[in-house]
Amino acid sequence: MQVNMLVNGVEVSDDIEPRLLLVHFLRENLRLTGTHWGCDTSNCGTCTVWMDGTPVKSCTVLAAMASGSEIMTVEGLATDGELDPVQQGFIEMHGLQCGFCTPGMMLSARWLLDHNPDPNEEQIREAISGQICRCTGYENIVRAVKWAAAHSQKSDTREEVGA
Amino acid sequence: MTDVKDKPDGVGFGRVIRKEDARFVRGKGSYIDDIVLPGMLHGAVLRSPYAHAKIISIDTSVAEKHPKVKAVITGALLETLNLAWIPSLSHDVIAVLATDKVRYQGQEVAFVIAEDRYSARDALELIEVDYEVLPAVVDAKRALDPGMVVIRDDIENKKDNYIFDWGSGDEAATEAVFEKADVIVEQDMLYPRVHPAPMETCGAIADMDPISGKLTIYCTTQAPHAHRTLYALVAGLPEHKLRVYSPDIGGGFGNKVGIYPGYVLSVVGSIITKRPVKWVEDRSENLMSTSFARDYHMKGKIASTRDGKILGLRVDVLADHGAFNNTAQPTKFPAGFFHVFSGSYDMEAAYCSVKGVYTNKAPGGVAYACSFRVTEAVYAVERMVDRLALELDMDPADLRMKNLLRPEQFPYTSPTGWEYDSGEYPRALQLAMDIAGYEDLRKEQAEKRANGELMGIGLSFFTETVGAGPKKHMDILGLGMADGCEVRVHPTGKAVVRLSVQTQGQGHETTFAQIVSEVTGIPVADVEVIHGDTDNTPFGLGTYGSRSTPVSGAAAAVASKRIVEKARLIASAMLECSPDDLEWTTGRWQVKGDPSAGKTIAEIALAAHANLELPEGVEGHLDASCVYDPPNLTFPFGAYICVVDVDPGTGKVKVRRFIAVDDCGPRINPMIVEGQVHGGLADGVGMALMESIPFDEDGNCLGGSFMDYLLPTSLECPSWETGETVTPSPHHPLGLKGVGESATVGSPPAVVNAVLDALKPFGVKHADMPLTPAQVWRAMQGRPMRTDLAIQ
C-alpha cells in the first residue's frame, strides 16, 4: 500500500506492506537509523518519535497509521546544523552513555520543554518515565533537561509544531 | 601526575565532555542493526516452546518453499559441519541448534535465512517440529534428587544433573572459629536469576567474501579479539582471514561477552548463501536465551564475639547454571571471584563451597556487571553482617566500623588468599554517614516508627575485585587475560591510540585519549581512539569485569610513558645535550636550569620523522606499544547508604535517598565515573526491588519480556548523592582501579538492608529479592516467598 508522510520536514512516499511498523519504515525504508528498537512491547521507549507533535512509540504504530502525518525523529532535532539545546544539554551534563535510548529521551524532553519551559525535577522524571535507560540511572538525563530548559530560547520554532 | 592544575587546559585527567556524544545526540551512532551491507539477508531463529523435550522430527520443507527464503539450517546440517555443538566457556559444550533434545525454553532449534526481516519471521511459522515433552528440572534445590530426569544425557554416562563442587578457604579453621564463637547467625538467601538486559539486544552480521575467503563478523561483542580466536579454534577458520568488528554497542553489562548460537548461525548462513547475513534477536529472545546472571542459593553462617567482633564466615552455595555450563569467567574459577566473600572485614577464617547443578533453564550465570560474581559475594557478606547486627542489637554502622579492615592492614591478604592492593575503608564509611546525616536519619526513623510509619536505613560496604589477570592465574579458554595497546604520534604531534578493549557506553574514546594525554601532554582533542576492530587493534581480552581501566588503561599508560622516554632521546639529539640533562614538563622536554631550551612533543614528533640524525639505537618515528599483564587485581571499594519508605498498606517500597561514596583511585574523568556509578545504583534498585526471572513448574520462563521483567525507570530511582575518596592502587601505573561495576556490585544489599530495616517492627529477619510489593507484604505477614519459582 501507498503511504505518504512528512518526515523531518521532507515529504516521503513509499509502497509498503500494510503490516510494516513505523520504526522499521523509518529505519529501513528511509534509513533514519537514529530511531532505535528495543523491546516490541512499548515498554522501553527507545523507538520514541513525534507523530503530529506528540511522542509515540514507533514500534507499536503501523507505518500505514502514520500516513498523512508529520513525523519528527532525532535527525530532525537540530536546526540548520545547530544542535537543539536538549542535544547540547545531553552532551554537557553527560546525559548519555551507550547512546541507545538517547534519541527517544531527547524527543520526550523536547516535547516537555515545548509544553513546560521550566519543569521541575518531578515533572522531568514523569515525562521520561515511559522510557528505560540502563546506563545513566536517569540522574544526568534530568540534569540535561534542566540544562536545556535554562538554555532554550523561548522563540524556538518547534514550539508551534509541538503545541 | 594526576593533578590537573599543573597542566594546560585540555590536557589529561578531569571533566571533559565526551568525544562520542557528537554522533549519538544526532542519531548517527552505528549500532549493529544500523549496518546494511549490499545483498544482505536476514536470519531468524526458531526456538523451543518447551523447557525439556525430545526432538522427534523437524520438517523444514514448507519453509524452504517460501518465495523469500534462501536457506533453512537445522542441527542436522550443522552436524555435517561439526558445528552443532561448540565448546562453552566453562569446560562444557553448548548446542548451536538442538539435535537430540531441547533443554530450555527458548533454545535454538532452526535458523531461517530470507530476503527480509519479516519474511524470515514468517517462515519460522512454516517449520514443523514434533516434540516429545519430558519432565523439566526447575527447582535447583531438587536437581540432584534421586530419580530426577537427566538433562545432559548427551554427556557419556551422565546419570544426574551435577556439574561441580568447588571450595575456597580453610574449612577446618572456619569450623574451629564457629566452635568458640559467642554468637552464630545463619541465614538462607537467594540472589535470583536476573538479566543484564541492555537496551540494544545481541546481533551479528557475517560477511564471507567467497573470493578472498575473508570472513568479517560485525558483532555486538565486548571482546572482539577473544571472539576472533575462538571462532578460529572452534570452526577451524584461518585467523588471519577473520575480522571481528564491534560497532557502537547499546549497552553490554556482560550480556555481550559470550558467543551465542545466533552469531555462529550468521556465519554458517553467510558461508552457505555467499551473501552477508544479519541476525538481531528480539527482546524476548534476549531475556530468555542469552546470558542470565546470578541464580545463587546461599546458606550463610557468621560468627562473632558478644561485643560484635566478627570471627568467621561460611557460605555454602547451590549454583543454578541452567542447561549448559556456560559461565564466563577465568578458567580456574568455576564460581568466578565469589571467594572474595569475606568482603571488607577483618576476620580469622572464612570458607565457601559452591555446588553447580544443571536445570532446564537458559545457560549463563556470569553477567550483569557482576565482576565475576563479586556481586553475589558482596550481597552474602553484607546481608550476613546486617543479620548479625540484628542478632546483637547493634547499629549496623557501628558493627561495620568495628570490623572494617584498617588502612595499616594493606596490602591485605584475605582468608581465601586475595591480596587487596589498597584501602582506607573507615574513611569512606564515615564520609557516607556524614553525607547521609546518619544520626539524624536514625532519630527520624525512631519518630516515624512511633507513629507506625515504616522507614528503613540500609548500609553496605563493598570491596570490588577487578582488572583480571594476571594471566598466570587467569585465562579464558587458555587465552591469558592481558591487553595490548599501541600509541602512535603522527609527525604533526597528533596521536592515535589503538585498544584491545571495546566500549559499550563507558566512553573509551574520551577516557583513553585522556590517559594518553595525561602522560604525553598531547591535548585530549588531538588523540584519536581506535577500538573494536580486530584488523586495526592489538590483541587483548576485552571489556568486562571492570577490566578496561585497570588492564588496558595501564597498557595505554605504559605505552605513553615509552613515547615520552623515546621523545627524551630524540630531544637530546635535537638539543645536542645528554638525555640526563633534560627534565619533563607537561608535553615538553627542556634543559634542566634553562627552561627556554626545550622541545615540545610535537616538535620532537616531527623531528623523529624528519632527517635528524638520531642517537644510536633509536629508530625513527614516535610510537610505542605495550602488552600489559597486570601483577594483581585492583580492589575499588565504597560505602553505600539507602533510605526507604515502605507503604504499610501495600508493601510498596520508595527509595527516598541513596548515598554512594566510591573509591576507585584517581578519576580519569569525574563526570564519566559519576555517570557509571549512577547507572550501577539504578541496577541495584532494580535487582533489589523489581528484577527477576522466575519459572513455572513446566519450566516456562516468566520473565521473557519487559512486561514481566521490570526495570527501574526515572520514577523508581531517587536523585543519587555521591561522594568520593581517593586511594590509588600501588601497582597500576597511574594508580587507577576501575569503577564500571562498583555500584551494581555494591548497591543491592544496601537497598535490601534498608527495606528489612523498615520491616524490623514486624520481626522480619530476611526476605529474598526482588522485594516487590507482594514480597514485602508477605514478609510483613511472616511468609516471605521463594522468588525463583512461580509455584510455591
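Domain bounds here come from an automatic or database domain assignment. With that in hand, let's work through this predicted model in four exercises.

**Exercise 1. Find which domains make up chain A, and describe how they meet.**

Solution.
- Step 1: start with the bounds. Domain 1 of chain A covers 2–76, and domain 2 covers 85–154.
- Step 2: place them relative to each other. Their C-alpha centres are 21 Å apart.
- Step 3: count the residues in the contact. Domain 1 of chain A gives 13 residues and domain 2 of chain A gives 11 residues.
- Step 4: look at the domain 1 side of chain A. Here β3(A) provides the largest share, three residues.
- Step 5: sort that side by class. Facing domain 2 of chain A, domain 1 of chain A has six nonpolar and seven polar residues, but no charged ones.

**Exercise 2. Decide whether helix α1 of chain A is largely enclosed or not, and say what its buried residues pack against.**

Solution.
- Step 1: recall the cut-off, by which a residue is buried if 20 or more other C-beta atoms lie within 10 Å of its own.
- Step 2: apply it to α1 of chain A, residues 22–29. Six of the eight residues are buried, so the helix is largely enclosed by the rest of the structure.
- Step 3: name them. They are Leu22(A), Val23(A), His24(A), Phe25(A), Leu26(A) and Arg27(A).
- Step 4: find their partner. The buried residues of α1(A) pack against β3 of chain A, residues 48–51. You have met β3(A) already, in the side of domain 1 of chain A that touches domain 2.
- Step 5: see what follows the helix. After α1(A) comes Arg31(A), with a positive phi near 60 degrees.

**Exercise 3. Work out which helices of chain A supply residues to the side that touches chain B.**

Solution.
- Step 1: take the totals. The contact draws 41 residues from chain A and 43 residues from chain B.
- Step 2: list the helices. α2 (85–92), α3 (102–115), α4 (121–127) and α5 (139–151) of chain A each supply at least two residues.
- Step 3: pick out the largest share. α2(A) contributes it, with four residues.
- Step 4: sort the chain A side by class. It holds 17 nonpolar, 16 polar and eight charged residues.

**Exercise 4. Find where in chain B the pLDDT is below 50.**

Solution.
- Step 1: begin with the whole model, which scores ipTM 0.97 and pTM 0.97.
- Step 2: turn to chain B. Its mean pLDDT is 97, and 99% of its residues reach 70 or more.
- Step 3: locate the stretch. Over residues 1–5 of chain B the pLDDT is below 50.
- Step 4: check its surroundings. Beyond near neighbours in sequence, this stretch of chain B has nine contacts in the model.

Note on methods: Residues are numbered from 1 along each chain as its sequence is written. Chains are lettered from A and ligands numbered from 1 in the order in which they are written. This is a predicted model: local features need pLDDT of at least 70, side-chain atom pairs count only at pLDDT 80 or more; totals for chains, interfaces and linings use all residues. A residue is buried if 20 or more other C-beta atoms lie within 10 Å of its own, exposed if 12 or fewer, and partly exposed in between; C-beta atoms are placed from the backbone. Two residues are in contact if their C-beta atoms, placed from the backbone, lie within 7 Å. pLDDT is the predictor's confidence in each residue, from 0 to 100. Ala, Val, Leu, Ile, Met, Phe, Trp, Tyr, Cys and Pro count as nonpolar, Asp, Glu, Lys and Arg as charged, and the others, Gly among them, as polar.
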